Amino acid sequence: MFKTIFGKQLFLYICIISISFFTLGTSLSQIYKSYFIDRQENALIEQGGRISKLILSNVRINRTGSQIIYIDSVSYERIKEEARILSEYLDSNFIFTDADFNIEISDTAEGKLNVSSLPEIQKVLDGEIVTLEGTLGGMYSETKLTVAYPIVTTRTVGVIFMSSSMNSLKENISEVVRMTTLCVMLSGSIAFVLIYISSRSMSKPLQEMNEAAKVIASGDFEKRIEVNSIDEVGQLAESFNNMARSLDEQEKTRREFIANISHDLRSPLTSIIGFLQAIKDGTIPHERQERYITIILDECIRLSKLANDLLDISKFQVIDDIEVFKEDFDINELIRNIIIQFEHKAKSKDISLTISFANDKDMVRADYDKIKRVFYNLLDNAFKFTPDGGSIKVETSVKDKKVYVSVKDNGLGIKEEDKNRIFERFYKADSSRGKDKSGSGLGLAIVREFIRAHNEKIMVNSEEGKGSEFIFTLSEAEEIKGK
């Protein structure tokens with residue numbers, strides 16, 4: 001039971017509720033007991049006060065103050081009748097004694113009360129009202145609540161003893177306690193059911209997540225959890241589903257990447273092995289060998305580029321911050337130098353390549369090698385997805401101390417659902433791999449990482465079938481800013 005969150009939570013709640021109800025029940029029992037006893041005591045005191053006034057108005061005290069003398073027989077009967085009525089009303093016993101505790105009027109006894117030995121009795125003789133619990137010196141066979149009310153003139157001349165049965169009080173208290181206990185038990189049962197349901201509803205999604213995590217750990221990323229609430233547990237379940245969804249997408253991307261990269265490695269290696277075998281066997285004449293050696297060299301360069309891309313992307317996964325060495329340089333000159341490298345490809349595909357610079361020189365402050373790689377990858381991408389006879393335009397503009405570099409083509413364009421993923425590592429939007437099969441799906445990921453390392457932005461505008469435009473920003477050089 002204590003090995004699960006449900007068991008721990010249920011046990012904790014039950015302990016809290018049990019302790020709370022026990023404390024509440026005990027407290028209420030004491031409160032009820034005090035309430036009934038205090039109420040009865042106050043009633044007896046009030047009764048004693050009324051009878052005391054009645055007695056004082058119907059008796060006189062002798063000169064020595066030691067004897068109570070009734071005015072007449074009517075006065076005696078009046079006192080006795082009033083005491084009887086009040087006794088019946090409060091369900092109590094009445095005894096009136098002189099200062100020596102000789103019984104003057106009583107509904108139960110006569111003679112003398114044996115109360116002189118009681119420690120509280122002296123306070124009564126001193127004129128204080130005293131409450132006693134007991135048999136009143138053996139007068140009663142059961143425990144009673146007794147109020148001793150002194151009758152005082154110049155001194156205490158008599159005492160009124162009013163006693164109420166403790167059994168009846170206890171019965172009243174027991175009845176209230178019994179009702180309270182029933183209410184507490186009923187409330188406890190309802191609380192237990194609610195706690196059980198609440199604990200189960202909170203722990204069930206966690207158990208489902210635990211089971212789902214085991215399934216995902218085994219390699220099945222399609223497992224999902226049903227979300228039935230919007231609280232923290234529901235949010236956690238939703239986050240878990242998002243994580244599983246992301247892992248599923250990454251796994252699909254990884255598989256696609258492995259398939260793509262295997263193709264990218266197998267194709268040039270097959271060509272290299274085939275041509276080298278043909279040269280070795282003499283199948284290719286000596287005068288034609290230079291042409292095939294050039295092809296082999298191109299394939300080796302392609303493999304080297306792929307290896308460098310893989311090495312770079314693995315570094316990005318391990319290192320949070322890419323090291324950037326900034327310097328001032330002319331971005332226009334860098335663009336010209338790279339475009340020269342693509343002249344042969346532009347002629348072979350009959351692609352119109354135009355350039356438009358904002359100024360003769362656009363000085364920027366950035367890492368030269370990384371920006372060179374960024375522009376090269378963007379231009380290479382444009383050539384891959386621009387059909388023969390198409391056009392590519394490279395343009396720079398300056399705004400708010402930023403240089404904007406744009407590479408625009410009229411090629412295949414990008415599907416709307418692919419726009420948010422084209423910068424992901426290993427993702428290739430051209431699922432058919434297009435006409436150019438040299439891509440590895442890493443170029444744009446490298447571009448984004450390098451631009452982010454400069455704290456700059458890269459944006460894409462594209463429409464399927466109408467081409468794409470990639471724009472990235474660079475900060476102007478310090479010497480330009482100072483002018």
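This is a short dialogue on how to read a sheet and a surface patch in a predicted model.

Q: What kind of model is this, and how are residues numbered?
A: The model is predicted, so local features need pLDDT of at least 70 and side-chain atom pairs count only at pLDDT 80 or more, while totals for chains, interfaces and linings use all residues. Residues are numbered from 1 along each chain as its sequence is written, and side-chain values use heavy atoms, with hydrogens and water left out.

Q: How many helices and strands does the protein have?
A: Helices (H or I, at least four residues) and strands (E, at least two) are DSSP runs numbered from the N terminus, and here there are eleven helices and 14 strands.

Q: What is the order of the strands in the open sheet of five strands?
A: Two strands pair if DSSP finds at least two bridges between them, and in this sheet the order is E4-E3-E7-E6-E5, with antiparallel pairing. Strand E4 (103-106) and strand E5 (130-134) are the edge strands, each pairing on one side only. Five bridges join E5 to the antiparallel strand E6 (residues 144-152), and Lys144 in E6 is the bridge partner of Gly134.

Q: Why does Tyr196 count as partly exposed?
A: Buried means under 20% relative accessible area, exposed over 50%, and partly exposed in between (1.4 Å probe, protein chains only); Tyr196 counts as partly exposed because its relative accessibility is 36%. Tyr196 lies in helix H4 (residues 166-217).

Q: What share of the residues is buried?
A: Of the 483 residues in the protein, 39% are buried.
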